[in-house]
Amino acid sequence: MEFALTEEQQLIIQTTRDFVVNELYPHEAEVEESGVLRPELRDAIKAKAIEAGLYAANMPAEVGGAGLDTLTWLLYERELGRANYALHWTCVARPSNILMACTGEQREKYLLPAVRGERSDCMAMTEPGVGSDVRGMKTNARRDGEYFIINGTKHFISHADEADFVILYAATGEEETPRGKKKLITAFIIDKGTPGYTIRPGYKNVSHRGYHNSILEFSDCRVHQSQILGELHQGFEVANDWLGATRLQVAATCLGRAERALEHAKQWAVDRQQFGQQIGKFQGVSFKLADMAMELKAAELLTFEAAWKFDQKLATDMDMAMAKLKATEMLAFVADEAIQIHGGMGLMSDLPLERIWRDARVERIWEGTSEIQRHIISRAMLRPLGG
Amino acid sequence: MRRILVGIKRVVDYSVRVRVKPDGTGVALDGVKMSINPFDEIALEEALRMKERGEADEVVAMSIGPEEAQQQLRTALAMGADRAILVKSDTAVEPLTAAQVFTAIARAEDARLVLVGKQAIDDDANQTGQMLAALWGRPQATFASKVEVLGEVLRVTREVDAGLETLEIDLPAVVTVDLRLNEPRYVKLPDIMKAKKKPLDVKSFADYGVEPTERLKVTLYVAPATRSKGIMVKSVAELVDVLKKKGLA
């Protein structure tokens, strides 16, 4: 096995890190305190990100992205993940890879402007009554000639307030299966401002200040059939084919944040003196640091191995689940221990630790809860045995 | 061909807390992050801007150092240099040797301008640019904070102790750059991928007819003595009092 990074990968890490430290860190306090990313600030940073080729770097080169392989893309995600989420996700956006499923006019209207930073996307699957059980969704699209009439409510929709269009999942019918009736799901692209599509502010929450969730309401929203992404009734297929390694993306951003927390903890362990010596010389602190570093490395190896396998088309659902599960739980552990090492100071907003600790919480829930990931891992083990 | 050469030195990154080896033979470099000397990065940025303004046709990054210095030259290529030359050396390079090599490259490449950092942040010698100008027999302007191309003349604003000094020098010339000349760009992601395809020639001292001789001998490296802890005072009045007591005011 080869673990060394190429010169290109090292350069990408370096330039992304420089950008994060110089352009994002200085604005974290403002966004954290106000809970708002000012549009002027967003646009200024975004312009720099586009100039540096960092914007939409996840996309293939033929549509104007950086054309990175999955492993290299995740190295870039790890660096971005160090910063406040609103800043890195909004100003250095990574359009959903599902837009690569755009065909014909959709490419000019959605895919290419998203890569150029002129328009932005969001994705709506979750509903008030539908979380992990996505097939149970109530939002539906009824055919009316060349049009579909959409009704339903989506919630927890990340950055829908910022997005110019939404990729919406809606039920378009039912089919009989041996295990009973199953809903057929279709993905639609719907522009902000389409009559019948309303965006309402979502819930205030503990993680990712400045990065908002919204509630989307569709009331007899009329959408032409040309707005279907992929094929009719093939919503999950288009997601599976194009969405890419989103769980690994979550894992990678967690790695960066954990690394930052560990850096603070290490520095504090040598700077802080108690009872006449550096606190890092006390076993209670030094053993914590050793465990944090080891957990971080374990999560890194799982994530990057899964990424490598993803590029080789060898990655299994279990690989992705393990990486996501380990990285998100590792972040919770590392953030918590970093605060413990700092004592009272760790809870103060002067340091990014309390923020990292709060932000860590959502990571074990979105993109598939820890329980769903464990379910996937255990099913993959037991199913072949007839379990 | 209006060609600009830019000197690129591989140094310990500015953010690293440098440690002296226990036996005093040098600075510990194992696993330490290495970067382009920040002043050289500014020199490169200036060269790239000149090319973008149509004042130069080609930017060549040149370095003298170990095999690994290719990493810094790759960074220079990713920033926008057209090609790179590495003159391999497995030992530390003294300023005069560097100046001799750069002179030979400047002649071989028929350079119109050589830009180098005013000094490297490892040995802080601040000599290479000046020696290069003398050996090459061309004008020099050091500590540049502004550079303008006026046809065959370069107008350079220099940061000197008394303030700013403006010189006009004939091209070809040597300019050493200071911190405030510009702010180097971020390396663009797509350019990183393209940099791999740009030429990077690895050469030897012999290729340029230079025989490096050791004129300087470093006998011992020691870390600076740790400063004793200072005291915090609450007001200017208190500060003046303390200074008076120490006989300093």
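How many residues lie between β7(B) and β8(B) in the hairpin that the two strands form? In this predicted model, two residues separate the strands of the hairpin, and B:Gly151 in the turn has a positive phi of about 65°. The pairing of β7(B) with strand β8 (residues 153-160) of chain B is antiparallel and extends over six bridges, and within it B:Val149 has B:Leu154 of β8(B) as its bridge partner. Strand β7 (residues 140-150) of chain B also pairs with strand β10 (residues 173-177) of chain B, here in the parallel sense and over three bridges, with B:Gln140 standing opposite B:Val174 in β10(B). Strand β7 of chain B further contains B:Phe143, a residue that has a positive phi of about 55° although it is not a glycine.

These strands belong to an open sheet of nine strands in chain B, which has mixed pairing and the order β9-β8-β7-β10-β6-β1-β4-β5-β11. The edges are taken by β9 (163-170) and β11 (200-203) of chain B, each of which has a single partner strand, so that one side of each is left without a neighbour in the sheet. On average, and with direction ignored, neighbouring strands of this sheet are turned by 30° against each other. At the β11(B) edge, strand β5 (residues 83-88) of chain B runs parallel to β11(B) and is joined to it by four bridges, one of the pairs being B:Ala84 with B:Leu200 in β11(B). Two helices of chain B may be described in relation to these strands. Helix α3 (residues 95-108) of chain B lies across β1 (3-7), β4 (58-65), β5 and β6 (113-117) of chain B and runs at about 150° to β4(B), whereas helix α4 (residues 128-136) of chain B packs on the sheet by touching β6, β7 and β10 of chain B, its direction making about 180° with that of β10(B). In the loop between β9 and β10 of chain B is B:Pro172, which is joined to B:Leu171 by a cis peptide bond with an omega of about -5°.

In chain A, a positive phi, near 50°, is found at A:Phe275, which is a residue other than glycine. A:Phe275 is placed in the loop between β9 (273-274) and β10 (277-278) of chain A, and A:Phe275 is exposed, with a relative accessible area of 79%.

Over all chains, a search of the whole structure finds 54 salt bridges. One of them brings together the side chains of A:Arg355 and A:Glu28, at 3.1 Å from N to O. Because A:Arg355 lies in helix α10 (residues 353-363) of chain A and A:Glu28 in helix α1 (residues 7-34) of chain A, the pair ties together parts that are 327 residues apart in sequence; both A:Arg355 and A:Glu28 are buried. A salt bridge is also formed between A:Asp191 and A:Arg119, whose closest N and O atoms are 2.8 Å apart. This pair links strand β5 (residues 180-191) of chain A, which holds A:Asp191, with the loop between α5 (105-116) and β1 (121-124) of chain A, which holds A:Arg119, the two residues being 72 residues apart. A:Asp191 counts as buried at 17% relative accessibility, whereas A:Arg119, with a relative accessible area of 21%, is partly exposed.

Note on methods:
Residues are numbered from 1 along each chain as its sequence is written. Chains are lettered from A and ligands numbered from 1 in the order in which they are written. This is a predicted model: local features need pLDDT of at least 70, side-chain atom pairs count only at pLDDT 80 or more; totals for chains, interfaces and linings use all residues. Side-chain values use heavy atoms; hydrogens and water are left out. Two strands pair if DSSP finds at least two bridges between them. Axes are lines fitted to C-alpha atoms, for helices over the stretch in contact, and angles run from 0 to 180 degrees between N-to-C directions. Contact means heavy atoms within 4.5 Å. Buried means under 20% relative accessible area, exposed over 50%, partly exposed in between (1.4 Å probe, protein chains only). A salt bridge is a side-chain nitrogen of Lys or Arg within 4 Å of a carboxyl oxygen of Asp or Glu.
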